[in-house]
Amino acid sequence: MRNQGQRRLYGVSVMGGAALLLTSCGGNDVGLGNAEDFLDEATSAWLDSLPSDNVAVHDEAGCFFLVDGEGEVTGELACGGARTLFADDGEVWDLTTFDYSEDSDGEMVAEFDESILAEAEMEVSRPEGDVVDADGDDAPEALDEIEAPSRPEADSGLIVAPSPQDQEGDAVDTSGGSLVDGEEVSDGAYTVSEETDPQDSEIVTPAGIVTIEELGAAETVTVEGVPGQRGVDDDQSAVPHAPAEGETFRYLWASFAANEVPEAPENDAYLDLGDEQIELSSLDGGALVSVPDSGAELVVTTGEDTEQRYDILTGQRDSDPITDGFYVENRHQPEADITLDFPDFEDTITEEEVGSPSQAGDLTISTEAVVESYTITAWNPMMGWASEGEAWLELNWEASVSRDGDARAGYYRASDDQPSVVDWSITVDDTTIEERYESTDAGRNGGNSFGEVTVIAIPADFETISLDAEITSHWDEQPVTVEHEGTELPFDETHDSENEDEGEVDEDGPLDEDENTGW
């Protein structure tokens, strides 16, 4: 916008150096013989040049002369009282210039030429100086106070599906997106105006993790081919649209990281807009959607009977009694390496017992167990889904028994008749769960190691888990039983990210059904 404090003289042609003055007497003697006709013609052409829609025009809108404080015409024409969606308060004026000269009768006249409107400085505030009509009366101040027109509304349920990799800054390229009243949504059609920090950013499934990468709102969506933009033809105009009544624009971009569990049931995801469901994979994982003010959800289904719902207005996942086990804080401890110590069993084997002095001597049996890792989960490949309100504790452990001492007798034995046994007592808050493991592996004469991933159902809302264990091994015919009490499993810190074992985010195509397994 030019500096309104500067006075300019535009191409004014005055015969004989005469000055053109406009009087303020309210009559027709304003110093320009055709002043009224000139303004009428200019007003008509200016009004015709306005967009055919999405513009507010005051009843007294029109074109006026701009004169200085002494009533001298500056050669400027000010047309005002029309406001578009793009103008700020008071920016309702167009400024241009005109020529005037003395005709053959010696009268000062101005000939209107429509080309001066094409050269106008558009949508500026009222210029300094006096803005007057053909009678010298001031242009009404009400012209400056006209309010902006109401924004046109987009279609109910509008969906604009951008390609996330085409984002530049906050603007989103939506070329090839959805339509509004049959018109294409323009490139850079909307800007995410308000980022939402989601309270929950992940939806965990057996096949992998859906991550809510971005969540936000947009005030408008710009539509091409809609009248309302100045200086362009209507078919080239691009106008911001508000959401349909009772709806709001929300922006969502999600990615999917698949894991490597072939037994995991497949996932699907869709946007639940109430009356309409939109498959998320068809949107390349990201979309701006006009959703009901009452709410809309991202729904992730696993198999035929399990679904998780995510509110895209609040950024919160709905609690679910089947899948809540996926959301225990620090639930995945892949490198726990918690050692359970057991007391040594010590004995002395006498010559009388074995019949040979070379076999006699001191004997020490050492026992150890290591919890290598543990995870709380809602689904397990062997067990399926946990029951409502429960979760699976996957306990990956290994135990070992070994002998030492100078006795040559007393060898490790294991068989169907005398297996090595691990009796777990797992206390979850105030409840103790018993679990037995048996090994018939013969091992070596000097000892053996054995273990497994033990899967135990526990309450999903537990606070503490502690382990007691009793291990019985057999040496020759003698059972040796040792006990360990009171090791609590910590969940107070996160070890390696579980994504290491559950896949990589596909940055080039979030939720692309062709590239992300399990989707």
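Here is a walk through the structure above, from its overall make-up to a sheet, a disulfide and some aromatic contacts.

Keep in mind as you look that this is a predicted model. The protein has 37 strands and four helices. Of its 519 residues, 50% are buried. The surface that the protein exposes comes to about 24,900 Å², and carbon and sulfur atoms supply 38% of that area. If you like to think in contact maps, take the contacts between residues at least 6 apart in sequence: 69% of them join residues at least 24 apart.

Let us begin with a sheet. Five strands make up an open sheet in the order β20-β19-β22-β23-β24, and the pairing is antiparallel. Which strands stand at the edges? They are β20 and β24 (316-317); each has a single partner strand, so one side of each is left without a neighbour in the sheet.

Strand β19, residues 267-272, is a good place to pause. Five of its six residues are buried, so to speak of it as mostly covered is fair, given that buried means under 20% relative accessible area. On one hand, β19 pairs with β22 (residues 297-302) in the antiparallel sense, over six bridges. You can follow this register residue by residue: Asn-267 has Thr-302 as its bridge partner in β22, and Asp-268 has Thr-301. On the other hand, β19 pairs with β20, again in the antiparallel sense, over three bridges. Here Asp-272 is bridged to Gln-277 of β20. The two strands β19 and β20 form a hairpin with four residues between them, and in the turn Gly-274 has a positive phi of about 95 degrees.

Follow the chain past β20 and you come to another glycine. Gly-285 lies in the loop between β20 (277-279) and β21 (286-292). Is this loop residue buried or exposed? Gly-285 is buried, with a relative accessible area of 0%. Its C-alpha is 7.9 Å from the C-alpha of Leu-252, although the two residues are 33 apart in sequence.

Next comes the covalent cross-link. A disulfide is a covalent bond between the sulfur atoms of two cysteines. The structure holds one disulfide, and its members are Cys-63 and Cys-79, with their sulfur atoms 2.1 Å apart. The angle about the S-S bond is 100 degrees, and the link of Cys-63 and Cys-79 is right-handed. What does the pair tie together? Cys-63 lies in strand β1 (residues 55-67) and Cys-79 in strand β2 (residues 73-84), so the bond joins parts that are 16 residues apart in sequence. Both ends are out of the way of solvent-sized probes by the accessibility criterion: Cys-63 is buried at a relative accessible area of 4%, and Cys-79 is buried at 1%.

Now for the aromatic rings. A pair of aromatic rings is described by the distance of the centres and the angle of the planes. A search of the whole structure finds 14 aromatic pairs. One of them is Phe-38 with Phe-98: the ring centres are 5.1 Å apart and the planes are at 50 degrees, so this pair is tilted. Phe-38 sits in helix α1 (residues 35-49), while Phe-98 is in the loop between β3 (93-97) and β4 (100-102), so that the pair links parts of the chain 60 residues apart. Phe-38 counts as buried at 1% relative accessibility, and Phe-98 is buried with a relative accessible area of 3%.

A second pair makes a nice contrast in geometry. The rings of Trp-397 and Trp-424 have their centres 5.4 Å apart and their planes at 70 degrees, so this pair is edge-to-face. Trp-397 belongs to strand β31 (residues 390-404) and Trp-424 to strand β33 (residues 420-428), 27 residues apart. Both tryptophans, Trp-397 and Trp-424, are buried.

Returning to Phe-38 and Phe-98, you will find them again in an aromatic cluster, together with Phe-65, Tyr-100 and Phe-112. Our last stop is a ring with a charge as its partner: the charged end of Arg-317 sits over the ring of Tyr-327, 3.6 Å from the ring centre.

Key: Residues are numbered from 1 along each chain as its sequence is written. This is a predicted model: local features need pLDDT of at least 70, side-chain atom pairs count only at pLDDT 80 or more; totals for chains, interfaces and linings use all residues. Side-chain values use heavy atoms; hydrogens and water are left out. Buried means under 20% relative accessible area, exposed over 50%, partly exposed in between (1.4 Å probe, protein chains only). Two strands pair if DSSP finds at least two bridges between them. A disulfide is a pair of cysteine sulfur atoms within 2.5 Å. Contact means heavy atoms within 4.5 Å. Accessible areas come from the Shrake-Rupley method with a 1.4 Å probe; for residues, only the protein chains shown count as cover. Rings of Phe, Tyr and Trp (its six-membered ring) pair if their centres lie within 6.5 Å; planes under 30 degrees apart count as stacked, over 60 as edge-to-face and the rest as tilted. A charge sits over a ring if NZ of Lys or CZ of Arg is within 6 Å of the ring centre and within 35 degrees of the ring normal.
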